[in-house]
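Grab your viewer and work through a few exercises on strands, burial and helix packing. Each task comes with a solution that goes step by step.

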Amino acid sequence: DSSAPKRSNKTSTYDKNLMTTSNNKITTIANSHYQQQQQQKQQQNNMKAAIATGTENIDQYTHVKEDWPKPTLATAVDGKTGKLVSKLPNERHLIVKVLACALAPGDCRLFSGKTDLVQLPKWGRPYVIGSDLCGIVEEISSDEPYFQVGDKIIARFDEPQPHGMCAEYACVKARFSEKCPASIPATQACTLPASAAAARLIAQTLVKPDSRVLLLGASGGLGTFVCQYAKLYGASYLAATTTQTELVQSLGVDRVIDYRTENWWELESEFQDQPFDLVVDLVNGQNWQKGGCSKTKVLKKGKGTTYTQLISGVQTEINMTGLNMISFILGTMLGRPLYAKLNPWCPRLTFPQGLDLKPGDLKAILEDVAEKRIRVVLDPASPFGFDTASVRAAMMKQKSKHAHGKVVIEIAKEN
């Protein structure tokens, strides 16, 4: 019909505005969905971690962050930028969901900034604190021959850098790890990879059957293990310096020497008839100068006594900054052994290689604990929580050098 109105092919202004509004809504929804996906992806790639951002001042430079990059098996992560910087070395690694983390003197040593030359990660600060862990294996390489996803394990830091464990996830080396019996709580198991291993090695290599042992510094994280392993490996008599009489007596110590009221090298009337075969010095400080080199009758004549001393200790710490490094190398590492060797009245001086893990060591330690030959001692304040205030408190306790047992941070509850 020619009289009927013709339909326009042109879109009205109203229709155009409607289409524009609809497209904008679709774009907004799409962008929002994309942002949510990116945020979820970012969250999946991030984790909660306790990090050190500076040196010396724990309250100022220790923080628990929610957005630290989660480690992967494919790459190493630059802690400062969060970027993937390099492939991991050609060695077996595991990604572990952490349940508990144990601190050690090395954590505070690294935090001090005085050992950066050998202990600081290559990317510098910030870095994740924490030396040893217990957790659940979450990821393995396709050719992993021993561990499986879901295994409960313990793992130690990669010497000489004590860091990386106080986080929701950690990347650990398989050769520093071992499957953990379900019967050992994670807050106890995490204390074993370094401290118990060091104590066991000292006892294995130095304690002889029926030997008389003097332990200097018995109630700390390492000392509580040394007490037990010394007796386990045959010590017939164990004396120890400490203020924690009941604790160390429960660990096998026969004679407690309160260092606040007695100097061990002055107890000649008590020990000259039966001097010590071995001194394990976890304190350092004046013990070597005033005791080891004093011709005291508490020790056997000449090289009849072995005096093993930590390079660092409760009263002495390593300082490798500037001229201090020269003094440390020439005075401690080289000077003391040379002096002991040249002077016939000095005992035989050794420095224990406490972190020298061999295949089967961690398994044997776990068996010792599971079968109750060895007891884990936690500091009464442990386990600490996984928040900034609690982690700072744990670091302060470790730094104080008056922890009675191991300092532990609980990252997640065990099922």
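**Exercise 1: pairing in the sheet**

Strand β12 (residues 237-241) and β13 run parallel and are joined by three bridges. Before going further, note that this is a predicted model, where local features need pLDDT of at least 70, side-chain atom pairs count only at pLDDT 80 or more, and totals for chains, interfaces and linings use all residues. Residues are numbered from 1 along each chain as its sequence is written, and side-chain values use heavy atoms, leaving out hydrogens and water.

Task: work out which residue in β13 is the bridge partner of A240, and place β12 in its sheet.

Solution.
- Step 1. The partner of A240 is V256 in β13. Strands here are DSSP runs of E with at least two residues, and helices are runs of H or I with at least four, numbered from the N terminus.
- Step 2. Now look at β11: β11 and β12 pair in the parallel sense over five bridges, with R212 opposite Y237 in β12. Two strands pair if DSSP finds at least two bridges between them.
- Step 3. Put it together: the open sheet has six strands in the order β13-β12-β11-β14-β15-β16, with parallel pairing.
- Step 4. Because β13 (255-257) and β16 (348-350) stand at the edges with a single partner strand each, one side of each has no neighbour in the sheet. From one strand to the next, the twist averages 15 degrees.

**Exercise 2: burial of β12**

Task: are the faces of β12 covered or uncovered?

Solution.
- Step 1. Count first: five of the five residues of β12 are buried (buried is under 20% relative accessible area, exposed over 50%, partly exposed in between, using a 1.4 Å probe and protein chains only).
- Step 2. Split by face: Y237, A239 and T241 are buried on one side, and L238 and A240 on the other, which leaves both faces covered.
- Step 3. Check what lies over the sheet: helix α7 (residues 223-232) lies across β11 (212-216), β12 and β14 (278-281), at about 175 degrees to β11.

**Exercise 3: two helices**

Task: how do α3 and α13 pack, and which residues make the contact?

Solution.
- Step 1. Helix α3 (residues 105-112) and helix α13 (residues 388-400) pack at about 95 degrees, with axes 9 Å apart. Axes are lines fitted to C-alpha atoms, for helices over the stretch in contact, and angles run from 0 to 180 degrees between N-to-C directions.
- Step 2. The two helices are therefore roughly perpendicular (65 to 115 degrees).
- Step 3. P105, D107, C108 and F111 of α3 meet M395, Q398 and K399 of α13; contact means heavy atoms within 4.5 Å.

Notes
Parallel < 35°, antiparallel > 145°, perpendicular 65-115°, else oblique.
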